[in-house]
Amino acid sequence: MTHGMRADSYTPRHHSAGDGGLRDTAARYALLPLRIFLGVTFVYAGLDKLTDSAFLKDSGAGSIGDMMRAVRDSSAIPALVDMALESPVGFGYAIAFGELAVGIGTLLGLLTRIAALGGALISLSLWLTVSWAAEPYYYGNDLPYLTAWIPLILAGAPLLSVDAALRARRRRGSF
């Protein structure tokens with residue numbers, strides 16, 4: 001039995017509501033599970049940091065200060081850690097509120113590309129500092145998060161989002 005390559009390619013067609021097959025519907029909604037996962041995860045991470053009494057301290061078990069001091073010498077860019085160590089509690093709040101803003105924006109689909117860029121930057125900074133020394137590299141969780149944000153940076157939230165509603169409203173000329 002011989003196997004050949006498919007010569008045809010698939011490009012999703014834009015149909016009016018109710019049109020299109022299962023394949024078109026799946027293509028239109030493909031980013032929604034990723035958006036929900038990243039949004040919920042970042043909201044949870046932000047709230048977890050803000051409600052953890054040990055985390056938002058300069059020192060002590062579970063504190064942002066002790067964690068940053070522990071990863072300083074093994075990070076890819078120790079200067080980033082040094083900046084955070086100038087005010088560890090302030091940095092902890094910045095990360096927590098940043099994660100919360102990114103998560104809410106992603107879930108609502110509000111300024112989605114900007115929220116996704118924020119999520120990617122948070123993940124990149126954590127990868128270059130906290131999880132850089134993970135060996136093998138795929139044990140560190142920040143690199144997969146960084147790559148997961150890329151489709152949302154590129155595509156935004158085309159469906160079930162505030163961005164899509166605003167876009168549709170502008171097209172109708174009601175805005």
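The exercises below work through the helices, cores and selected contacts of one predicted model.

Residues are numbered from 1 along each chain as its sequence is written. In this predicted model local features need pLDDT of at least 70 and side-chain atom pairs count only at pLDDT 80 or more, while totals for chains, interfaces and linings use all residues, and side-chain values use heavy atoms, with hydrogens and water left out.

**Exercise 1. State how many helices and strands the chain has, and what share of its residues is buried.**

Step 1. The chain has eight helices and zero strands, where helices (H or I, at least four residues) and strands (E, at least two) are DSSP runs numbered from the N terminus.

Step 2. Of the 175 residues of the chain, 32% count as buried; buried means under 20% relative accessible area, exposed over 50%, and partly exposed in between, with a 1.4 Å probe and protein chains only.

Step 3. About 10,900 Å² of the chain is exposed, of which carbon and sulfur atoms supply 65%; the areas come from the Shrake-Rupley method with a 1.4 Å probe, and for residues only the protein chains shown count as cover.

**Exercise 2. Determine which residues of helix H3 are buried, and what covers them.**

Step 1. In helix H3, which comprises residues 64–71, the buried residues are Ile 64, Gly 65, Met 68 and Val 71.

Step 2. Viewed down the axis of H3, these buried residues fall within an arc of 140°, so they line one face of the helix; the arc is that of the directions from the helix axis to the C-beta atoms.

Step 3. Their cover includes helix H4 (78–86), helix H5 (88–108) and helix H6 (112–129), contact meaning heavy atoms within 4.5 Å.

**Exercise 3. Compare the expected span of H5 with the distance between its end C-alpha atoms.**

Step 1. The expected span of a helix is 1.5 Å times one less than its number of residues, so the 21 residues of H5 should span 30 Å.

Step 2. The end C-alpha atoms of H5 are 30 Å apart, which agrees with that expectation.

Step 3. Just after H5, Gly 109 takes a positive phi of about 70°.

**Exercise 4. Identify the elements that give two or more residues to the largest nonpolar core, and the contacts of Val 102.**

Step 1. A nonpolar core is a set of buried Ala, Val, Leu, Ile, Met, Phe, Trp, Tyr and Cys residues joined through side-chain atoms within 4.5 Å. The largest one has 13 residues, of which Leu 38, Phe 42, Val 102, Ile 122, Trp 149 and Leu 152 touch the most other members.

Step 2. H2, H6 and H7 are the elements that give two or more residues to this core, and H7 gives the most, with six residues.

Step 3. Not counting residues up to four places away in sequence, Val 102 touches Phe 42, Ala 115, Gly 118, Gly 119, Ile 122 and Trp 149.

Step 4. Apart from this core lies another, of seven residues, among them Phe 55, Met 68, Val 71 and Val 81.

**Exercise 5. Decide whether Lys 49 is buried or exposed, and find what its side chain joins.**

Step 1. Lys 49 lies in helix H2 and, at 18% relative accessibility, counts as buried.

Step 2. The side chains of Lys 49 and Glu 99 are joined by a polar contact of 3.0 Å, a polar contact being a pair of N or O atoms within 3.5 Å; within protein, one must be able to donate a hydrogen and the other to accept it, and residues adjacent in sequence count only if both atoms are side-chain atoms.
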